[in-house]
Amino acid sequence: MATTLVRSKTMITKTVDRHTVEEIADGALIQEDGVITEVGTYEALSAKHPTLPVLGSGREVLVPGFVNGHHHVGLTPVQLGSPDMPLELWFITRMVTRNLNLYLDTLYSAFEMIGSGITTVQHIHGWLPGKIDLVEPLANEVIRAYEDIGMRVSYSFAVRDQNRMVYQDDKAFVASLPPELQAPMQRWYDRFQMGLEDCMDMFAHMHGRHQNKRRVKIQLAPANLHWCSDSALTALSEASKKYEVPMHMHLLETALQKEYAWRRGGCTAVEYIDRFDMLGPKLTLGHGVWLNESDIDRLAETGTCVCHNCSSNFRLRSGLAALNHFEIKGVNTAIGLDEAGINDDRDMLQEMRLVLRAHRVPGMDDDVPTTPQVFRMATTGGAKTTPYGDFLGTLEVGKGADLVLLDWEQMSYPYLDRETPLLDAVIQRAKSDGVRAVMCDGEVIYRDGVFTRVDRDGALKALHDDLSRALSDDEVERRNLSKALLPHVKKFYRGYVDPAKHQPFYRPSSRV
Ligand SMILES: [Zn+2]
């Protein structure tokens with residue numbers, strides 16, 4: 001790999017605290033083989049290294065590459081025919097998904113992520129039909145797409161070994177259905193044949209195969225409490241320690257999940273997984289909307305992270321996470337775009353604005369998100385939830401050369417007051433069409449709207465052509481089943497939660 005001098009109008013190297021970032025005017029850095037070796041001003045570094053190739057015109061803001069802390073799929077559920085619904089009903093609508101070419105599907109969302117400055121993604125995969133001999137090659141296709149386009153991935157295959165459709169045993173759910181739906185429902189369950197042992201075997205194979213790569217890491221994902229048996233929680237907790245890899249677990253996304261934990265263990269979901277020694281800096285909880293105050297204290301005490309999936313929580317009516325309280329307690333937080341953001345795409349610049357604004361409760365105290373806080377969440381906060389850890393998220397000597405050049409004119413023309421803090425301009429005004437260049441591991445993977453390694457138009461055409469084929473028999477059956485199931489699933493959850501018992505901890509109206 002080559003050595004590059006990256007120059008900027010101003011470089012934001014890192015977050016200092018929730019009100020301050022470190023900036024270098026006329027900032028520049030040298031990267032050598034994917035690692036930052038010098039940081040300073042362009043004037044000083046270009047004088048010292050006059051012959052190095054230069055990236056950047058001096059009219060851009062240079063920031064660390066962003067981390068999408070929670071991602072699943074390429075084409076969005078809406079694109080595939082699943083409308084936004086309350087999470088537990090939305091699971092039913094997701095049955096209609098097409099049989100996708102996973103390589104092209106993964107590229108599709110990677111184009112959107114990189115185009116908004118994301119250089120690392122936490123890809124939480126799941127729901128692949130078949131046994132390990134079919135699933136593992138498909139998992140490797142997802143990784144191949146990220147390797148081809150050049151971004152970093154932390155890949156996990158989500159473990160689900162029970163309660164795969166509703167918060168009830170699969171057999172009991174089939175038996176509860178009218179006779180005409182029992183066979184198609186059973187066929188749906190039978191499609192997914194990865195048991196706990198297969199999942200753990202696949203993790204071990206993939207860890208062995210990819211773990212030493214610079215842009216690929218493999219980690220673990222207990223899919224959610226209701227999806228994991230006690231044996232699965234035990235196996236995952238032990239594997240995380242044995243392999244020293246992080247875990248990412250959906251938890252307490254909805255009030256129904258909170259109630260599920262009470263029914264299963266007579267405790268909160270956090271208290272339940274604590275019995276399996278899962279809490280700690282190596283665990284990230286996805287969503288965490290229905291954490292209570294003592295849960296949050298326990299996360300803070302153990303160093304457990306939370307990935308805040310703000311758009312998703314709005315779209316699937318999950319609720320508003322207590323982000324302000326996480327911050328007060330010092331819980332490390334990341335930002336996850338989950339299936340898709342509010343514009344039905346994967347735009348980190350947009351999502352940072354949403355996170356900034358969704359938690360602006362009435363009052364005058366310093367307890368709402370600040371721009372440095374949101375910036376930290378999208379950089380070091382996210383990186384800490386992946387196996388890359390402290391190696392990513394700041395522009396400092398010794399760190400990975402993952403960075404983004406954002407067009408200053410796009411943010412500031414025709415006028416921007418001189419006293420507007422630079423980071424405010426970036427978080428509030430930067431748009432993906434102002435992303436001039438994205439570097440990952442020292443390599444430019446996107447520049448002036450062009451992906452340097454993959455032909456975007458060709459890949460999108462191939463994806464379009466592939467999905468132009470007629471629906472297969474199983475796709476048709478799943479479509480019909482999904483529609484027929486909805487009333488039964490609604491019935492299953494009717495009265496599941498007693499609203500008086502599960503008040504959200506965070507209620508904006510209670511704060512004034
Ligand atoms: Zn998710």
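In the predicted model, strand β2 (residues 10-17) pairs with strand β3 (residues 20-25). The two strands run antiparallel and are joined by six bridges. One of the bridges links Thr10 of β2 to Ala25 of β3. The pair forms a hairpin, with two residues between the strands. Strand β2 also pairs with β7 (residues 60-64). Here the strands run parallel, and two bridges join them. Met11 has Leu62 as its bridge partner in β7. Thus β2 has an antiparallel partner in β3 and a parallel partner in β7.

Helix α11 spans residues 293-302. Its buried residues are Asp295, Ile296, Leu299 and Thr302. Viewed down the helix axis, these residues fall within an arc of 135°, so they line one face of α11. The spacing follows from helix geometry: an α-helix has 3.6 residues a turn, so residues three or four places apart point the same way. The cover over the buried residues of α11 includes two helices, α10 (269-274) and α13 (323-329). It also includes two strands, β14 (283-287) and β15 (305-308). Both ends of α11 have further local detail. At the start, a side-chain oxygen of Asn292 comes to within 3.1 Å of the backbone nitrogen of Ser294. After the helix comes Gly303, which has a positive phi, near 80°.

A loop residue, His226, was examined next. His226 lies between β12 (221-222) and α8 (230-243). The relative accessible area of His226 is 1%, under the 20% cut-off, so the residue counts as buried. Leaving aside residues up to four places away in sequence, His226 touches Gln162, Asn163, Tyr167, Gln257, Tyr260 and Arg264. Gln162 stands 64 residues from His226 along the chain, yet their C-alpha atoms are separated by 7.2 Å.

Open space in the model was also mapped. Rolling a probe the size of a water molecule over the atoms shows where empty space is left. The largest pocket has a volume of about 840 Å³. Its lining comprises 42 residues. Of these, Val73, Arg94, Thr97, Gly126 and Trp127 lie nearest the pocket centre. Six elements each give two or more residues to the lining of this pocket. The helices are α2 (87-93), α3 (102-115), α4 (132-149), α6 (179-191) and α19 (473-493). The strand is β9 (118-125).

Key
Residues are numbered from 1 along each chain as its sequence is written. This is a predicted model: local features need pLDDT of at least 70, side-chain atom pairs count only at pLDDT 80 or more; totals for chains, interfaces and linings use all residues. Side-chain values use heavy atoms; hydrogens and water are left out. Two strands pair if DSSP finds at least two bridges between them. Helices (H or I, at least four residues) and strands (E, at least two) are DSSP runs, numbered from the N terminus. Buried means under 20% relative accessible area, exposed over 50%, partly exposed in between (1.4 Å probe, protein chains only). The arc is that of the directions from the helix axis to the C-beta atoms. Contact means heavy atoms within 4.5 Å. A polar contact is a pair of N or O atoms within 3.5 Å; within protein, one must be able to donate a hydrogen and the other to accept it, and residues adjacent in sequence count only if both atoms are side-chain atoms. On a 1 Å grid over the protein atoms alone, a cavity is a set of points where a 1.4 Å probe fits but cannot get out, and a pocket is an open set with protein on both sides within 12 Å along at least five of seven lines; lining residues have an atom within 4 Å of a point. Grid points are joined across faces, edges and corners, and a volume is the space filled by probe spheres set on the points.
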